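Student: Pick one spot in this model and give me a close look at it, please. Then work outwards from there, so I can see how the rest is put together.

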Amino acid sequence: MNNYINYDWFRNNAYMNNYTNNPYENDLFNPQEGFEKGNMFKNLYSQYKDYSPEKLKPKNAQERKLYELSAICFAAHDLNLYLDMHPEDRSMFMLFMDYQKQANRLIEEYERNYGPLNINSEEMNKSFTWESDKWPWEDRNV
Amino acid sequence: MFSYHKRLQYPVNIKKKDLRMAKYLVTQYGGANGELGAALRYLNQRMSMPDDKGRALLNDIGTEELGHVEMLETMIHQLMKDATLEEIKEAGLDTHYAEHAKGLFPTDANGVPFTTAYFATTGDPLADISEDMAAEQKARAVYENLIDLTDDPDVIGPLIWLRQREIIHYARFKELFDYYEKMFKKGVNDIPNTKEQMYYKNDEYLIQQLKMNNNQYYM
């Protein structure tokens with residue numbers, strides 16, 4: 001399987017809140033699979049005809065990092081919507097917090113190497129690159 | 001307030017121009033069941049949601065829909081940016097070109113401009129959320145129609161993904177609808193004898209929420 005997320009690194013860093021295993025392993029996709037499918041929840045996933053989700057293949061290191069952080073951000077967001085309706089679900093909250101930590105770390109790492117994703121990024125202290133870095137609707141020859 | 005993230009929620013990289021597809025796709029930008037209508041409807045309706053769950057869900061889904069607006073804009077832009085005038089005429093986009101050149105303009109696939117009438121807000125949570133559930137189902141159906149109309153994998157990928165988000169949003173809205181329906185039924189049918197009973201008889205979390213918000217449906 002051609003993963004763009006480094007799962008060894010992920011496993012070593014995830015579930016730091018005393019979770020050795022993902023308690024939702026049977027209910028949730030992993031962040032990469034969920035991101036590609038557009039859905040973290042196995043029981044809610046529904047495929048249209050025989051269209052299977054696109055396998056995202058990053059062209060280079062920058063795109064790999066972008067997809068990686070997008071996947072974790074997506075996973076956290078989909079859990080966020082669930083938690084809006086089920087705020088009492090403690091272990092889902094823990095998993096959500098783990099994804100958030102991962103996401104923040106990956107965003108910082110990306111910004112350090114490739115420029116700011118947010119205007120409040122601290123990786124812009126040398127010069128103002130917010131306006132000159134590519135915008136997402138432009139051709140990204142990254 | 002809102003702040004901007006300089007990336008798409010899901011990647012869009014369309015390499016082949018396709019004006020006909022741009023013409024169809026625009027309906028998910030500015031049509032009755034499009035993402036712009038959805039985003040603004042939810043962000044508008046969240047003001048009159050009666051409890052924390054409703055406020056949070058409408059806020060968070062509305063915010064995500066703004067990201068989908070951006071994905072649709074990107075798709076339409078990439079499908080038409082390299083087109084020649086001849087191709088624009090041939091695809092029937094000459095009327096669009098007359099007014100907007102290659103700029104984007106939110107309409108449906110027949111050119112009917114976006115209107116705030118699509119918000120369809122009543123201020124009644126049950127009515128508003130069933131409207132939102134219907135909107136998600138209609139958007140899902142339109143995405144399926146659009147997938148049928150193209151064979152470009154660069155276009156199909158994001159469309160499949162966006163369709164899947166409609167399914168999730170529908171499921172969450174349905175949870176909220178069922179929750180509110182139960183909550184309002186309790187308020188109307190299960191009339192307790194004293195105010196105290198009214199507060200402590202049922203689901204404690206719910207009652208607490210209602211109390212805190214001085215809820216008009218319950219009191």
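**A close look at one loop residue**

Tutor: Lys49(A) is exposed, because just 9 other C-beta atoms lie within 10 Å of its own, and a residue with 12 or fewer counts as exposed. Keep in mind that this is a predicted model. You'll find Lys49(A) in the loop that runs between helix H2 (31-37) and H3 of chain A. What should catch your eye is the backbone: phi of Lys49(A) is near 45 degrees, which is positive even though the residue isn't glycine. Most residues other than glycine have a negative phi.

Chain B offers a partner for that picture. Phi of Ala101(B) is near 50 degrees, again a positive value in a residue other than glycine. Ala101(B) also sits in a loop, here the one between helix H6 (94-100) and helix H7 (125-148) of chain B. And Ala101(B) is exposed, with 8 other C-beta atoms within 10 Å.

Now go back to chain A and follow it out of the Lys49(A) loop into H3, which covers residues 61-85. H3(A) packs with helix H4 (residues 90-114) of chain A: their axes are 9 Å apart and the angle is about 150 degrees. That angle is why H3(A) counts as roughly antiparallel to H4(A); the cut-off is over 145 degrees. The crossing of H3(A) and H4(A) is left-handed. Sort the residues in this helix-helix contact by class and you get 19 nonpolar, 4 polar and 3 charged.

Stepping back, chain A has 4 helices and 0 strands, so to speak an α-α-α-α pattern when you read along the sequence. Of its 142 residues, 26% are buried. As for its contacts between residues at least 6 apart in sequence, 54% join residues at least 24 apart.

Where do the two chains meet? The contact takes 27 residues from chain A and 34 residues from chain B. On the chain A side, our helix H3 turns up again: H3(A) gives the most, with 9 residues. By class, the chain A side that touches chain B splits into 15 nonpolar, 7 polar and 5 charged residues.

Over in chain B, you're looking at 10 helices and 0 strands, with the pattern α-α-α-α-α-α-α-α-α-α along the sequence. Chain B has 219 residues, and 39% of them count as buried. Among its contacts between residues at least 6 apart in sequence, 76% join residues at least 24 apart.

For a contrast with the exposed Lys49(A), try helix H3 (residues 35-45) of chain B, which is mostly covered, with 8 of its 11 residues buried. If you want to click through them, the buried ones in H3(B) are Glu35(B), Leu36(B), Gly37(B), Ala38(B), Ala39(B), Arg41(B), Tyr42(B) and Gln45(B). What do they pack against? The buried residues of H3(B) pack against helix H2 (27-30), helix H4 (52-80) and H7 of chain B. That last one, H7(B), is the helix at the far end of the loop that holds Ala101(B).

Technical notes: Residues numbered from 1 in each chain as written. Chains lettered and ligands numbered in written order. Predicted model: local features only at pLDDT ≥ 70, side-chain atom pairs only at ≥ 80, totals over all residues. Contact = placed C-beta atoms within 7 Å. Helix = DSSP H or I, 4+ residues; strand = E, 2+ residues; numbered from the N terminus. Nonpolar A, V, L, I, M, F, W, Y, C, P; charged D, E, K, R; others polar. Buried ≥ 20, exposed ≤ 12 C-beta atoms within 10 Å, placed from the backbone. Axes fitted to C-alpha atoms, helices over the stretch in contact; angles between N-to-C directions. Parallel < 35°, antiparallel > 145°, perpendicular 65-115°, else oblique. Left-handed = near helix turned anticlockwise from the far one by under 90°.
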